[in-house]
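Biologist: I am new to this structure and would like to go through it with you. Could we begin with how its helices pack and then turn to the ligand?

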Amino acid sequence: MRLGFSAEEEAFRAECAAWLEGQMAGEFADIRGITNLVDKAERRREWEQQLARHGWSCIGWPKAWGGRDATLTEQVIFAEEYARAGAPNRINHIGVELAGPTILAFGTEEQKQRFLPGIAAGTSIWCQGYSEPGAGSDLAAVRTKARLDDGEWIVDGQKIWTSLAQFSDWIFVVARSEPGTKGPKGLTFLMMELDQPGIEIRPIRQINGEAEFNETFFTEARCPADSLIGAPGEGWKIAMGLLAFERGVSTLAQQMQFRNELDAIIAAARANGAAADPLIRQRIAEAEIGLRLMRYGALRMLSGGEGGATGGAALTYKIQWSTWRRSLGELAMDVLGQAGELAAGEDYVFPMLPNLFLYARADTIYGGTNQIQRNIIAERGLGLPREPRGDI
Ligand SMILES: Cc1cc2nc3c(=O)[nH]c(=O)nc-3n(C[C@H](O)[C@H](O)[C@H](O)COP(=O)(O)OP(=O)(O)OC[C@H]3O[C@@H](n4cnc5c(N)ncnc54)[C@H](O)[C@@H]3O)c2cc1C
């Protein structure tokens, strides 16, 4: 296992760090440190375009499509420096990390030409239309329907928890296109423009006061017949390919953001005297150990050990970081004491640490709940018998 980075990788790190620091100290200083998904959306859209102008918007993509052919390690280095510089949460995360790689892997040449340049340039922002009121973990239970009619797909149904739909231009939707089918059969993966009369987006207010996600309603919404990825009825394969991107390597670099959060907790504990409490000290030490374990685990995956970033160890990563961060949020609240329950102003805008506590409750849910991750580890990692799955 390689515990460090090569001279070339360190040089690349210095290049990323210098550029990002320059931006965050200069033209984009007003959005430095934004870690939530909703603040200053317009400026964050401009930031996407600035990243693109300087070749940093999708560095893992092939050069031919606006990327840099960056290795996985380079992508992690960039993401680490991104967090270290306090650069804002990416408003086109779903476009760059999920839609783009899916189109690259499964799309036709024509689709690549149609969709990839806008994602790379930061001019088309994407969201993900998978979950429905009755289809979350059991994604194959989707009821949203799609039918082909005179050269167009007509879509009817409802999606829920659609993060960032209010800021997005495009949505990818998993819909049932073959009436009478059940489970993963008969589903189609469609790419749809959001700005059309048949789509209505209603915000859902969250516990932290923000409305990052939405209900998305489709009433005879339309897209051209060739807006599907893969074949009609074979959307499940595409949907699962995309989920592997979501649960996989795109999260390896989060430790730098986690480092910032743990450092903020340590600073708060020192400032208010909580650091003198031996139990708090012990929990901080445990959090530090957990963070280092994740760091070394990520390095092990990057060095290719145990099947690398796609192997058995990688399957454990989502459950590991989400559980660790949920405990970190609880630690933050215990360090802050009563002060953590106060929010400034009428809008109840929570400061970073209480917000971390509230938001981290969702980490063990989105992208696959902890229970579902355990199923994945058991079945795919350990080769245990499959869980009975009803009529699938
Ligand atoms: C912050 C956030 C952002 C999100 N953004 C998006 C988005 O942009 N687009 C989108 O499509 N979705 C999004 N989601 C939805 C997310 O993918 C689902 O919430 C998730 O898949 C869980 O589904 P569910 O909420 O329907 O819970 P359910 O599937 O109803 O699960 C409820 C509970 O039952 C457990 N459970 C269910 N099945 C099993 C099983 N077989 N074995 C053991 N336990 C089981 C679950 O683990 C969970 O604890 C988001 C969710 C959150 C919290």
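Modeller: Axes are lines fitted to C-alpha atoms, for helices over the stretch in contact, and angles run from 0 to 180 degrees between N-to-C directions. The model is a predicted one.

Biologist: How do H7 and H11 lie to each other: roughly parallel, roughly antiparallel, roughly perpendicular or oblique?

Modeller: The axes of H7 and H11 cross at roughly 125° and come within 10 Å. Roughly perpendicular ends at 115 degrees, and roughly antiparallel needs over 145. The angle of H7 to H11 therefore counts as oblique.

Biologist: In which hand does H7 pass H11, left or right?

Modeller: The hand depends on which way the near helix is turned from the far one. For H7 passing H11, the crossing is left-handed.

Biologist: How do H7 and H8 lie to each other, roughly parallel or roughly antiparallel?

Modeller: Helix H7 covers residues 255–272 and helix H8 covers residues 278–302. Their axes are 11 Å apart, at a packing angle of about 165°. With over 145 degrees as the cut-off, H7 and H8 are therefore roughly antiparallel.

Biologist: What is the packing angle of H10 and H12?

Modeller: Helix H10 spans residues 317–336, and its axis is 9 Å from that of H12. H10 passes H12 in a left-handed crossing. The two helices are roughly antiparallel, so their angle must be over 145 degrees. The value for H10 and H12 is about 150°.

Biologist: Which helix gives the largest share of the shell around the ligand?

Modeller: Two or more residues of the shell come from each of helix H11 (352–363) and helix H12 (370–381). The largest share is three residues, and the helix that gives it is H12.

Biologist: Which class has the most residues in the shell around the ligand: nonpolar, polar or charged?

Modeller: The ligand has 19 residues around it, and Ser131, Ser137, Trp161, Thr369 and Gln371 come nearest. By class, the shell has two charged residues, eight nonpolar and nine polar. The class with nine residues is polar.

Biologist: How much of the accessible area of the ligand does the protein cover?

Modeller: A polar side-chain atom of Ser137 is 2.7 Å from an oxygen atom of the ligand. Polar side-chain atoms of Ser163, at 2.8 Å, and of Asn375, at 3.4 Å, each lie by a nitrogen atom of the ligand. On its own the ligand has 980 Å² of accessible area, and the protein covers 68%.

How values were computed. Residues are numbered from 1 along each chain as its sequence is written. This is a predicted model: local features need pLDDT of at least 70, side-chain atom pairs count only at pLDDT 80 or more; totals for chains, interfaces and linings use all residues. Side-chain values use heavy atoms; hydrogens and water are left out. A residue is near a molecule or strand if one of its heavy atoms lies within 4 Å of it. A polar contact is a pair of N or O atoms within 3.5 Å; within protein, one must be able to donate a hydrogen and the other to accept it, and residues adjacent in sequence count only if both atoms are side-chain atoms. Accessible areas come from the Shrake-Rupley method with a 1.4 Å probe; for residues, only the protein chains shown count as cover. Helices (H or I, at least four residues) and strands (E, at least two) are DSSP runs, numbered from the N terminus. Ala, Val, Leu, Ile, Met, Phe, Trp, Tyr, Cys and Pro count as nonpolar, Asp, Glu, Lys and Arg as charged, and the others, Gly among them, as polar. Angles under 35 degrees count as roughly parallel, over 145 as roughly antiparallel, 65 to 115 as roughly perpendicular and the rest as oblique.
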